[in-house]
Amino acid sequence: MSDMGANRRILTNRQGHPVHDNQNQRTVGDRGPATLENYQFLEKISHFDRERVPERVVHARGATAFGYFEATGKVGDEPISTYTRAKLFQEAGKRTELALRFSTVAGGRDSSEAVRDPRGFAVKFYTEDGNWDLVGNNLGVFFIRDAIKFPDFIHSQKPDPVTFEQAVPNRGFDFFSQSPESMHMVMLVFSPRGIPASYRTMQGFGVNTYKWLNAEGDTVLVKYHWLPKQGVKSYTAADAAKVQAETYGSHTKDLFDAIEAGDFPEWELHVQIISDDEHPELEFDPLDDTKVWPEELFPLRRVGRMVLDRNAENFFAESEQIAFGTGVLVDGLDFSDDKMLVGRTFSYSDTQRHRVGPNYLQLPVNQAKNAEVRTNQRDGQMAYYVDNAGDNPHVNYEPSILGGLREAGPAHDEQGPEIKGRLTRARIERTNDYAQPGDRFQLSEQWEKDDLVANLVDALSQCDRRIQERMLWHLYMVEDELGARVGEGIHIALDEVADMAPLATQTLTEEEEQRRQNLGNNGPRDVSGHVMTHCVPNERVAVADEPDLAEV
Ligand code: HEM
């Protein structure tokens, strides 16, 4: 044995037995056969056989870092207690530990991070009242508005089930062309914002509408926005191609290296607040996650900042096994009736019980480490300890006259508006699927418009003619210029789609019907005075030499 090894600690197996030889199996003679009673070898190899847990069905590739949230005690200029009693927000300067996992959506665990895809932005706050997870993305809206469509949407983004060919535009655009509510998100994903230059230079959003609740039980609707101090920076497809030719893990490395070098990324948390009602005066439904709330009407109000100052020490334990869910809220925060949110809330912990195991909340990264956990939940696969059971550990049920845990007492009084309605299966009334995508196009920077057109042309060129026509019709419904430029790129003229009827599943508003009848000749939408979420500068991080996008 070399001197170098003499001071090192001894390798053992998981039973604590020293390993005397880690190079050779136990065999009868040096040429074998091997013996089956070789516990050390069997423990090692059978553990290896189980090294992987199922990867996430979506958001499989991700990176986690840790840090803190610091409250201002206010929402904008007002005391925050006016709107929420959530403890983490109340005092100026109060810090709460947190974990943040960034991710891509569609690819597998080892896939490229420089792809066109929304990015996950999932924050776990370890508050004194237990954990709060804010599980969002970098684009502020989503492709669909009803959770029942999610498995179909995701299948359309995954490889072909027969050939396993990846990233097939025909599949995604087939789905989009039949789901007009996806247009707003398509506009963002196919713009440069669909390929952030790094996780540190993107915005984050809660996307779904949540509620806040104050000490009197009054509720408001809120949307969450994370604004990066590092600015917003993106790649074009050519930049991304160059990056991923070198490495698939560019974003994880960038985040890790920055934190390791003491260059801690920081975001400000802002909220938009509106009263807890249906808002019939708006052209969209405030519970619709394909829409943003106009910022000139509902301004952003700062509530604190987040700093990431620590890397994960073990990727598997802290990034693979971390588990977020939209149902994980603390007192003072609540759900809205958003039909996506309720579906998500079931889905996350359901998949985590399958993916990580029923005791996933006992793992250190998922534990409510700043609150005490006392439950009567027992046993199951990988139970690591018994949750604190109070003074009498024999009583693992409630109610009991003998001891055990007791209820905390009433906390959730009646709250929120009264809801009336008959059981139904129906789309929301105010779909308005084209106005915000149209405004978005007008309010984009010129290079973003050019890049969007180029990316749509590239993707649609690979699609069936029927899909191209329907998509072109939608794009004209969004904005004349967008339709005309994409049409030119895929060689389909306006009059080839001008007479198309709406989808059988669509009900157009009067204004939309007029646009349809006038398709391609509606003139630019008026966006004067309009401040849309994402109207922040977006800087291209040029990696590739590229022709002028406007010429594409
Ligand atoms: C009904 C719609 C949705 C369903 C059913 C759904 C379901 C899921 C599932 C099953 C996972 C894997 C969780 C795990 O294995 O730990 C996941 C991850 C994730 N989802 Fe969704 N999702 C939906 C919509 C959304 C939306 C709208 C957003 C963004 C606002 C979003 C953001 C995320 C993020 C960030 C992750 C990764 C969390 C992590 O880093 O571990 N999802 N989703």
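Let me start with helix α11, residues 446-460, and its packing against α13, where the two axes lie 9 Å apart and the angle between them is about 40°. At that angle α11 and α13 are therefore oblique to each other, and their crossing is right-handed. The contact is built from Val453, Leu456, Val457 and Leu460 on the α11 side, and from Arg485, Val486, Gly489 and Ile490 on the α13 side. Sorted by class, the residues where α11 meets α13 come out as six nonpolar, one polar and one charged. I should say at once that this is a predicted model, so please hear everything that follows as a description of that prediction.

Staying with α13, which covers residues 480-490, we can turn to its packing with α12, residues 465-478, where the axes are 6 Å apart and the angle is about 155°. Since angles over 145 degrees count as roughly antiparallel, α12 and α13 are therefore roughly antiparallel to each other. The crossing of this pair, α12 with α13, is left-handed. From α12, the residues that take part are Gln468, Leu472, Leu475, Tyr476 and Val478, and they meet Asp480, Leu482, Gly483, Val486, Gly487 and Ile490 of α13. The class count for the contact of α12 with α13 is seven nonpolar, three polar and one charged. You will notice Val486 and Ile490 here again, having already appeared on the α13 side of the contact with α11.

Now, α12 also packs with a helix from much earlier in the chain, namely α4, residues 169-177; the two axes come within 9 Å and cross at roughly 50°. That makes α4 and α12 oblique to each other, because angles outside the parallel, antiparallel and perpendicular ranges are counted that way. The handedness of the crossing of α4 with α12 is left-handed. On α4 the residues in contact are Asn170, Phe173, Asp174, Phe176 and Ser177, while α12 contributes Ile467, Arg470, Met471 and His474. In this contact of α4 with α12 there are four nonpolar, three polar and two charged residues.

Let me move to the ligand. Which residues come nearest to the ligand? Among the 28 residues around it, those are His59, Arg101, Gly120, Ala147 and Val207. As for the elements behind this shell, β4 (95-104), β5 (119-127), β6 (130-137) and α9 (339-355) each supply at least two residues, and the largest share, eight residues, comes from α9. By class, the shell around the ligand is made up of 13 nonpolar, ten polar and five charged residues.

A few words on the backbone, where I would like to point out three places. As a reminder, most peptide bonds are trans, and most residues other than glycine have a negative phi. The peptide bond from Gly32 to Pro33 is cis, with omega near 5°, and Pro33 sits in the loop between α1 (3-6) and α2 (39-49). The bond from Glu398 to Pro399 is also cis, with omega near 10°, and Pro399 belongs to the loop between α9 and α10 (435-443). Then there is Phe164, which is not a glycine and yet has a positive phi, near 60°; Phe164 lies in the loop between α3 (150-157) and α4, the helix whose packing with α12 I described a moment ago.

Finally, the overall division of the chain. The domain assignment gives domain 1 as 1-26 + 36-51, domain 2 as 62-362, domain 3 as 374-407 and domain 4 as 435-551. How far apart are the C-alpha centres of domain 1 and domain 4? In this model, those two centres lie 61 Å apart.

Technical notes:
Residues numbered from 1 in each chain as written. Predicted model: local features only at pLDDT ≥ 70, side-chain atom pairs only at ≥ 80, totals over all residues. Domains from an automatic or database assignment. Axes fitted to C-alpha atoms, helices over the stretch in contact; angles between N-to-C directions. Helix = DSSP H or I, 4+ residues; strand = E, 2+ residues; numbered from the N terminus. Parallel < 35°, antiparallel > 145°, perpendicular 65-115°, else oblique. Left-handed = near helix turned anticlockwise from the far one by under 90°. Contact = placed C-beta atoms within 7 Å. Nonpolar A, V, L, I, M, F, W, Y, C, P; charged D, E, K, R; others polar. Near = placed C-beta within 6 Å.
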